[in-house]
Amino acid sequence: MLKRTHFKPSALPYLLVAPQIIITVVFFIWPASQAVYQSLLLEDPFGLRTEFIWFENYVELFTDSIYFSTFLRTIVFSSLVAFLSLFIALILAAMADHVVRGTTVYRTLLIWPYAVAPVVAGTIWMFIFDPTLGIVSYLLHFVGYDWNHRLNGGQAMALIVLAATWKQISYNFLFFLAGMQSIPKSLIEAAAIDGAGPARRFWTIIFPLISPTTFFLMVMNIVYAFFETFGIVHAVTKGGPAKSTEILVYKVFNDGFIGLDLGGSAAQSVILMILVIALTIIQFKYIERKVEY
Amino acid sequence: MIEKRPMVSWFSHAVLLLGIAMVAFPIWITFVGASHDAIRMTQAPLPLLPGDQFFVNLKAVFVQGVGNAKEQSVGLMMFNSLVMAMMIAVGKITISLLSAYAIVYFRFPFRMLFFWMIFITLMLPVEVRILPTFEVVANLGMLNNYWGLTVPLIASATATFMFRQVFLTVPDELLEAARIDGAGPMRFFWDILLPISRTNIAALFVILFIYGWNQYLWPLLITTDKSMYTIVMGIKQMLEAAEEAPEWHLIMMTTLLAMIPPVMVVVGMQKLFIKGLTETEK
């Protein structure tokens with residue numbers, strides 16, 4: 001942690017950490033503690049009257065069937081996004097690892113959606129699936145399938161899952177490919193000499209060896225689907241129709257900024273913070289395990 | 001390749017090409033949409049091949065502007081995005097370099113406390129503390145300016161950790177040698193540590209530039225003044241302004257312009273990008 005040779009105590013290190021610490025306190029720690037405090041209050045939207053009500057906001061949330069279904073919906077949404085994008089990325093990475101020529105070209109052509117903002121990805125997919133004009137919905141219409149994500153909740157969910165997955169494939173692909181390319185070639189060659197075909201080698205050698213990467217990516221994908229997909233939901237469906245695509249982050253924003261239920265929104269923020277903390281701890285435990293590995 | 005199996009190779013190439021087609025399809029549609037005129041974009045089925053209006057639309061979004069009253073020029077929005085992305089990237093790198101340097105190279109009271117305070121920010125993404133952070137920024141009078149857009153986002157645990165990791169691998173002999181030659185702490189930092197960490201700084205810059213450019217929720221809250229809109233949120237405003245009859249040809253042009261800079265950065269600096277991604281996330 002500290003260098004064996006280091007500088008003598010002086011005021012300098014305090015000056016060096018000051019900018020980071022000031023920003024951390026003012027924009028992170030203070031607002032977070034405010035969120036915790038506000039979650040124990042009942043405030044009217046204009047801030048005229050405030051009442052300290054202990055954990056009532058939380059009790060209200062936990063007994064609220066709408067909040068519960070939002071929670072379930074978020075879990076379904078993030079599992080779908082995580083599973084689909086990991087699955088597709090794993091197949092593509094295995095193929096890119098297998099081919100001799102062109103790995104870098106394929107990589108270049110597959111990684112750039114990482115750079116596309118979620119809200120931009122959402123806009124494009126919304127255009128493709130536009131009920132009256134969109135290209136895919138036009139084709140679906142020919143097959144006899146009526147697509148209108150503005151009215152059909154299941155279709156709206158499918159659309160945001162699609163947009164979120166599309167954007168995440170490149171990230172997963174990069175990590176999978178890096179993991180596969182770090183496996184010593186001699187292992188694969190030995191298996192090939194013993195007569196194992198490509199599929200067998202993948203399942204018995206490559207897949208088990210990249211399992212730390214897979215686990216790491218699972219955590220990262222869940223974090224992504226929980227928090228970073230806000231832009232997609234906000235641009236494409238606004239949580240609708242009839243709240244069928246309202247995920248937790250969107251609900252915090254909606255209840256706080258649009259509904260002005262400050263206490264309830266703060267309580268939801270605190271619950272999300274606890275979730276992030278749990279996910280971070282899981283991720284760090286994994287890193288320790290990986291070092292032993 | 002270990003053995004010669006033409007079938008397996010062909011199959012791999014076919015799957016990869018299919019994957020690329022899947023990834024590229026939306027972008028093709030965006031490009032095609034940006035190259036037709038307004039009338040063509042209201043007739044189903046929409047075209048699958050580009051038209052000849054690309055530069056007309058390009059001129060339209062830059063010169064006439066977009067949105068209801070056509071007063072928002074995409075040029076200004078892109079400039080705002082650029083300023084925001086640069087300020088976030090440079091700001092994060094600067095304060096993280098300084099604090100990592102202090103934590104690794106100095107022994108001082110509360111060193112570990114500071115370290116844990118920085119660590120905590122990892123667990124507090126903007127999305128979970130939007131309301132109270134918004135209040136702080138509003139109270140500080142930082143709404144609708146570049147400071148409000150960037151400063152609350154520039155504290156960074158991941159960047160600090162990365163530089164800490166880099167500094168820990170720097171041999172101790174370097175500092176000893178520098179001291180013998182009479183270099184003070186800041187001299188050592190500027191003349192030795194910074195040049196050593198050059199590649200890491202560049203790699204991190206690539207990642208942070210994309211992160212900054214793609215910010216959405218935060219600018220959405222902080223800016224109400226149209227002259228402060230960033231391009232990523234500008235698209236959303238365009239969608240909203242024309243809920244009934246979206247001007248898809250202009251929206252698609254703006255979308256294309258919004259993704260070109262970060263995509264260029266990823267494709268053009270691929271090595272640095274991959275290095276930055278794998279180093280900061282682990």
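In this predicted model, helix H1 of chain B buries a run of residues spread along its length: Ser12(B), Leu16(B), Gly19(B), Val23(B), Pro26(B), Ile29(B), Thr30(B) and Gly33(B). The spacing of such a list is easier to read with the geometry of a helix in mind. An α-helix has 3.6 residues a turn, so residues three or four places apart point the same way. As for what lies over these buried positions in H1(B), the cover includes H3, H4, H5, H6 and H7 of chain A, together with H13 of chain B. Much of the story of H1(B) is therefore told by the partner chain, with five helices of chain A named in that cover.

H1(B) also has a bend in it. A kink of about 40 degrees sits at Ala24(B), shortly before the proline Pro26(B). How does the length of H1(B) compare with what its 28 residues should span? At 1.5 Å a residue the expected figure is 40 Å, and the end C-alpha atoms are 39 Å apart, which agrees. The first helix of chain A, H1(A), can be checked in the same manner. Its 27 residues, 12-38, should span 39 Å, and the end C-alpha atoms lie 37 Å apart, so the two values agree here as well. H1(A) bends by about 45 degrees at Ala18(A), and a proline, Pro19(A), follows within four residues.

Turning to where the chains meet, 82 residues of chain B are in contact with 85 residues of chain A. Several helices of chain B give two or more residues to this side: H1, H3, H4, H5, H8, H12, H13 and H14. Which of them gives the largest share? That is H1(B), with 13 residues. Sorted by class, the side of chain B that touches chain A holds 57 nonpolar, 15 polar and 10 charged residues.

The nonpolar interior can be followed across both chains. The largest nonpolar core has 164 residues, and those with the most contacts inside it are Ala93(A), Val120(A), Trp125(A), Ala163(A) and Phe173(A). H3(B) gives the most to this core, with 17 residues. Trp125(A) is a handy place to look at it up close. Leaving aside neighbours within four places in sequence, Trp125(A) is in contact with Leu159(A), Leu162(A), Ala163(A), Val236(A) and Pro26(B). Pro26(B) thus turns up again: this contact of Trp125(A) is the proline that comes shortly after the kink in H1(B), and Pro26(B) is also on the list of buried residues there.

Stepping back to whole chains, chain B comes to 14 helices and 0 strands, while chain A has 13 helices and 2 strands. The radius of gyration of chain B is 24 Å, well over the 19 Å that the globule rule gives for 282 residues, so chain B is more spread out than a compact globule. For chain A, with 293 residues, the radius of gyration is 24 Å against a rule value of 19 Å, so chain A too is more spread out than a compact globule. Along the principal axes, the C-alpha trace spans about 75 × 65 × 35 Å in chain B and about 75 × 75 × 30 Å in chain A. Some 46% of the residues of chain B count as buried, and in chain A the share is 44%. Among contacts between residues at least 6 apart in sequence, 73% join residues at least 24 apart in chain B, and 70% do in chain A.

A few single residues of chain B round out the picture. Met162(B) is found in H7(B), residues 157-168. Is Met162(B) buried or exposed? With 26 other C-beta atoms within 10 Å, where 20 or more are needed, Met162(B) is buried. Met162(B) and Gly276(B) are 114 residues apart in sequence, yet their C-alpha atoms are 9.5 Å apart in space.

Two loop residues have a positive phi although neither is a glycine: Phe110(B), at about 70 degrees, and Asn144(B), at about 60 degrees. Phe110(B) lies in the loop between H3 and H4 of chain B, and because it has 12 C-beta neighbours inside 10 Å, Phe110(B) counts as exposed. Asn144(B) is in the loop between H5 and H6 of chain B; with 15 such neighbours, Asn144(B) counts as partly exposed.

Conventions: Residues numbered from 1 in each chain as written. Chains lettered and ligands numbered in written order. Predicted model: local features only at pLDDT ≥ 70, side-chain atom pairs only at ≥ 80, totals over all residues. Contact = placed C-beta atoms within 7 Å. Nonpolar A, V, L, I, M, F, W, Y, C, P; charged D, E, K, R; others polar. Rg over C-alpha atoms; globule rule 2.2 N^0.38 Å. Core = buried A, V, L, I, M, F, W, Y, C linked by C-beta atoms within 7 Å. Expected span 1.5 Å × (residues − 1). Bend = angle between axes of the 7 residues up to and from the residue.
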